[in-house]
Amino acid sequence: MTYETIIFEQQDEIAIIRFNRPKALNAINPTVIQEMTDALAKITGESSIRVLILTGQGDKAFVAGADIATMRDFTPLEGRAFSRQGQDLFLQLEGLPMPVIACVNGFALGGGNEMAMACDFVYAAESAQFGQPEINLGIIPGFGGTQRLSRLVGKSMAKELCMTGVMIGAQEAKALGLVNKVFPKETLWDETIKVAKVLAGKGRVSLCAVKDTIDRGYDQDLRTGCYIEADAFGMCMASEDSHEGMGAFLEKRKPEFKGELR
């Protein structure tokens, strides 16, 4: 698949999307949204893909926000439409039935931070920077930043980050819960691929069940969340992966998961 603003590739069971506007620090414009929406639809329909990695092309940015040159002359209705398009994309990303890893190799600002928050894991280079600087442009986050950020770091810290527009380093982002792990820039990609390969060796059905159960149960009370978990646990028993996994354990061999999400 050939795109103008992203690079899509597949390495065995791992899909990789690289944001490919390095001269614009990989900023998001309507073409990025359209092309990534198309790529995610193709990834969802490809049963061989078990993990997705997102990263930025070049050595400066993951995604340094939305394209200001594009937004500058928006009317209110155009601004709302652009916001909803980005939100829909990130909801699609968040809802993929597979683990999604953000490999943050540089700036993750505005839409870039919002993109990372819609992923399941965030691995960052020590030099990476995170933030929601929209306030400095006289606007607010528009791709879900106020909502995901408050859920991740709490209302007070989300207000501080969105109201001051400050950038924070990778270690501070990790302390706040925005980042899972921080690595030296030169080893970031290798460490990300290493984890992706571990995930690719797990069963598609159980990976999807873990993600869906945590996401759907997160805003529920404990009892309701546990019921959601019990339903998913039972459904896993219908998959050939459960028989393969437990059989392999008893037979002291490595499992070969082949279950499908059907």
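## Helices 5 and 6, and the sheet

Helix 5 and helix 6 sit oblique to each other, at least in this predicted model. The reasoning is simple: their axes cross at roughly 135°, and an angle counts as oblique when it falls outside the parallel, perpendicular and antiparallel ranges, the last of which starts over 145 degrees. Those axes come within 7 Å, and the crossing is right-handed.

So who does the touching? From helix 5 it's Leu149, Ser150 and Val153, and they meet Lys155, Met157, Ala158, Leu161 and Cys162 of helix 6. Sorted by class, that contact has six nonpolar residues, one polar and one charged.

Here are the two helices side by side:

| Helix | Residues | Residues in the contact |
|---|---|---|
| Helix 5 | 145-153 | Leu149, Ser150, Val153 |
| Helix 6 | 155-164 | Lys155, Met157, Ala158, Leu161, Cys162 |

Now for the sheet. It's an open one, built from six strands in the order 1-2-3-5-7-10, with mixed pairing. Strand 1 (6-11) and strand 10 (181-183) are the edge strands; each has a single partner, so one side of each has no neighbour in the sheet. Going from one strand to the next, the twist averages 20°.

At the strand 10 end, strand 7 (residues 121-125) runs parallel to strand 10, and three bridges join them. Tyr123 is one residue to look at here: its bridge partner in strand 10 is Lys181.

Helix 1 (residues 30-44) packs on the sheet too, touching strand 1, strand 2 (14-19) and strand 3 (51-56). The direction of helix 1 makes about 180° with that of strand 2.

Conventions: Residues are numbered from 1 along each chain as its sequence is written. This is a predicted model: local features need pLDDT of at least 70, side-chain atom pairs count only at pLDDT 80 or more; totals for chains, interfaces and linings use all residues. Side-chain values use heavy atoms; hydrogens and water are left out. Two strands pair if DSSP finds at least two bridges between them. Helices (H or I, at least four residues) and strands (E, at least two) are DSSP runs, numbered from the N terminus. Axes are lines fitted to C-alpha atoms, for helices over the stretch in contact, and angles run from 0 to 180 degrees between N-to-C directions. Contact means heavy atoms within 4.5 Å. Angles under 35 degrees count as roughly parallel, over 145 as roughly antiparallel, 65 to 115 as roughly perpendicular and the rest as oblique. A crossing is left-handed if the near helix is turned anticlockwise from the far one by less than a right angle, and right-handed if clockwise. Ala, Val, Leu, Ile, Met, Phe, Trp, Tyr, Cys and Pro count as nonpolar, Asp, Glu, Lys and Arg as charged, and the others, Gly among them, as polar.
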